[in-house]
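Visitor: I'm new to this one, so could you take me closely through a single part, the place where the two domains meet? Please keep it relaxed.

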Amino acid sequence: MEQLEQYRIAENLEQDLGDPSHPESVMSFKTVMELDEQEAFPEQELTWLYNWHLQDYYVPANCGGKFTNFEEFLAIVRVLSRRDQTTGIAFTTLFWSFLCWMAGTDAQKQKLSKFIIEEQGALCLGYSEREHGSDLVNGGLTATKVSGGYILNGEKWPINRATRSGLSFVLARTGEEGEAKGLSLFMVDKRELDSSNYYNLPKILTHGIRGSDMSGIGFSDCFVPDSMLLWKEGDGLELGLKGFQITRTFCAAFSQGAADTALKTTLNFALKRIVYNKTVWELPQPRKVLTDAFLDILICDCETIGAARGFSVVPEQFSVWAAVVKYFVTRQLEQMVNDVYVVLGSRFYMRDEHDYGIFQKVLRDNSIISMFDGSTVVNLHALILQFRQLTKTRQRRKPKTMSAIASRLETTFSLQKPAPNFEPTKLELFGRGADDSLQGLEIALTQLEELKGNPEVDSEMLEKLIALSNLVLEELNAHDEAIAQSKFEFGHEQSPELFEIAKKYCALHAAASCLHMWIYNRQLLGDFFAQGEWLVLSIHRLLRTIRPMPYSISETYSENVANELVRLHKSDKLFSIVPIQLAQSIIKQEDKINELIRI
Amino acid sequence: MNSSVSNQTAIANWLIQQLSEKLSLDKSSISVSEPLTRYGLDSIDAVTMVGDIEDILDVELPSTLFWDYPTIEKSSQFLADNYDVSAIAFDSDAATPEVVEEKVPEPVAAGKSKGWGGLFGRS
């Protein structure tokens with residue numbers, strides 16, 4: 001498998017950070033556990049990352065930074081988060097800068113770029129309020145127009161890095177309560193404020209990411225100049241919702257990092273622990289649990305890496321795609337972490353045993369990811385509101401539409417193809433019913449049919465794959481039929497059944513993304529990927545959640561996937577469709593030396 | 001279609017119809033001069049409703065249309081002034097003047113019993 005350029009920085013960062021299981025490494029499990037126990041902010045770790053100039057990858061190249069594409073960005077945040085989500089999230093609040101890259105003036109962009117790159121500045125996002133939660137348009141923080149600027153009054157809470165940041169994006173009400181155009185977004189540079197006019201709220205004690213600066217900020221007759229307003233007065237909600245499309249998608253990277261560590265530390269245990277004269281790994285049930293966990297990671301990779309590239313190709317479709325990723329990936333991996341802990345046994349609960357007790361930290365830290373930046377319910381609701389459009393659009397596809405989808409799918413999913421530059425101004429509040437992954441499902445089916453007789457592809461595997469893919473299509477057609485027959489209502493009192501339908505839609509979406517990913521990268525991502533057995537098992541796994549299916553589709557495939565999991569683990573490769581080289585495990589190297597000595 | 005019904009009225013009627021169906025409201029309770037949010041239509045719903053109009057007019061509209069023109073009166077005026085809205089004017093439900101005058105019951109309860117009535121009608 002050849003090295004993909006977009007993964008080079010993540011691999012470099014990985015090597016420079018070193019093996020997290022080695023106590024001397026930067027962000028080692030030992031260190032991050034100690035910080036967590038003290039509920040201490042990871043100050044030194046963040047400084048190390050700034051000195052490494054990781055912040056440059058959060059600033060677009062045309063604004064003075066090194067950000068070029070989200071696929072690279074995703075891999076970077078994953079590498080951080082597999083060590084410590086507290087640090088990963090604290091550093092990655094920098095991704096709110098996309099609000100400015102999207103809507104800022106040249107002067108605002110220049111200022112922010114300098115602040116992040118040269119001044120090692122940090123950001124926070126002030127949207128939610130104690131009394132209003134996600135009901136943004138009824139927010140109580142007001143901005144009253146005065147000559148040359150605005151007067152801010154009110155509080156934002158709970159806000160990650162509210163205290164430890166120089167710059168806050170603050171959503172303030174400039175119009176009437178409840179008005180969509182009544183909100184404006186300010187990029188507030190705290191250094192330029194009169195310090196007597198703003199204050200920070202105390203750190204909130206949390207279940208996970210305990211070292212985070214989870215606090216709040218308040219303003220009291222605080223003057224901010226016009227130059228801190230982003231875009232125009234009244235455009236705050238539009239900007240805020242578009243910004244969410246970016247950040248909701250990339251929350252997936254935090255989950256991916258957690259999933260990696262949960263599986264690795266459990267494997268460390270299962271491969272060595274002897275019970276009934278065998279290792280835990282050699283027992284069929286735990287091996288199946290861990291193999292399924294690996295499949296979950298691969299499925300989520302296809303969905304998330306597809307989306308990361310899709311941002312450059314179909315940014316206008318992200319009112320749908322971001323909601324799918326934020327719901328599906330974070331929940332699937334949250335469930336995965338919950339599934340594997342039984343293999344670790346009671347050690348999963350211990351704070352100072354087995355790999356420094358990292359598992360219980362991952363479990364606690366990770367449980368916030370599906371909640372923040374738009375909860376599970378918020379994202380499913382966003383999908384429900386778009387179902388009619390999605391169904392109509394799919395029904396109306398014509399040959400010309402299909403060939404356009406085919407062309408976009410290739411650019412989106414083919415990792416070898418350069419994705420165009422991301423243009424944030426092309427984000428749309430709603431995607432007008434377009435969703436290439438599922439609307440291009442028939443294209444994938446045709447491509448699978450065309451592979452029949454290809455000597456590179458195992459015919460039995462292909463047969464299974466085609467049969468399963470047809471079931472995905474059948475389910476999608478049934479979904480559209482159900483939507484067409486249902487009564488639609490606006491508002492927040494949607495039927496609970498619709499939320500279940502939305503979950504199914506996400507599972508189908510993931511299945512389609514897996515298919516596209518395999519079809520366009522079959523010859524690129526190595527033998528294991530190419531063989532497609534993991535794909536058959538993955539589609540089967542997804543379908544099992546939405547219709548009755550046989551328990552197992554192939555014991556042999558499961559064994560082969562299990563063997564690949566161990567191979568990746570032993571060679572310190574990332575559990576991923578792009579298994580980049582991780583920092584070499586010193587412990588494993590010692591094991592190897594001991595093994596050689598024994599021989 | 002009744003030719004005396006202006007384009008703006010036709011759109012206004014169509015919007016009233018939509019709101020009454022999709023928010024389970026009595027049409028007589030909907031005033032053209034009140035903000036749509038008063039009827040429980042939140043900001044994201046309002047964006048979604050733009051898609052419904054785009055479907056009928058077969059034209060791309062600003063997704064913030066109902067944010068910028070937050071009453072039926074203002075949005076219907078904006079649409080009538082800037083777009084060819086004859087497709088809505090010809091829509092049987094919308095163009096029925098009685099809808100506004102409320103002399104006859106709701107013409108077709110398609111939304112309640114048969115899905116969204118004609119969802120797949122357009123080819």
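Guide: Let's start with the polar contacts: between domain 1 of chain A and domain 2 of chain A there are eight residue pairs of this kind, both residues at pLDDT 80 or more. A polar contact here is a pair of N or O atoms within 3.5 Å; within protein, one must be able to donate a hydrogen and the other to accept it, and residues adjacent in sequence count only if both atoms are side-chain atoms.

Bear in mind that this is a predicted model, in which local features need pLDDT of at least 70, side-chain atom pairs count only at pLDDT 80 or more, and totals for chains, interfaces and linings use all residues. Residues are numbered from 1 along each chain as its sequence is written, chains are lettered from A and ligands numbered from 1 in the order in which they are written, and side-chain values use heavy atoms, with hydrogens and water left out.

The rule also finds four salt bridges across this interface, a salt bridge being a side-chain nitrogen of Lys or Arg within 4 Å of a carboxyl oxygen of Asp or Glu. If you want a pair to look up, try A:Lys111 and A:Glu192, whose side chains meet in a salt bridge at 2.7 Å, N to O.

On the domain 1 side, the elements giving two or more residues to the surface that touches domain 2 of chain A are α2 (29-38), α3 (43-51), α5 (85-92), α6 (98-103) and α7 (106-117) of chain A. Helices (H or I, at least four residues) and strands (E, at least two) are DSSP runs, numbered from the N terminus. The residues on that side split into 15 nonpolar, six polar and five charged. For that sorting, Ala, Val, Leu, Ile, Met, Phe, Trp, Tyr, Cys and Pro count as nonpolar, Asp, Glu, Lys and Arg as charged, and the others, Gly among them, as polar.

Now step back a little. Domain 1 of chain A covers 5-117 and domain 2 covers 123-230, with bounds from an automatic or database domain assignment. Their C-alpha centres lie 24 Å apart. In all, 26 residues of domain 1 of chain A are in contact with 25 residues of domain 2 of chain A, contact meaning heavy atoms within 4.5 Å.

Together the two domains bury about 2200 Å², and carbon and sulfur atoms give 62% of that. Buried area is the accessible area (1.4 Å probe) that two parts lose on being put together, summed over both. In domain 1 of chain A, A:Glu39, A:Phe41 and A:Phe115 lose the most area to domain 2 of chain A, together 29% of what that side buries.
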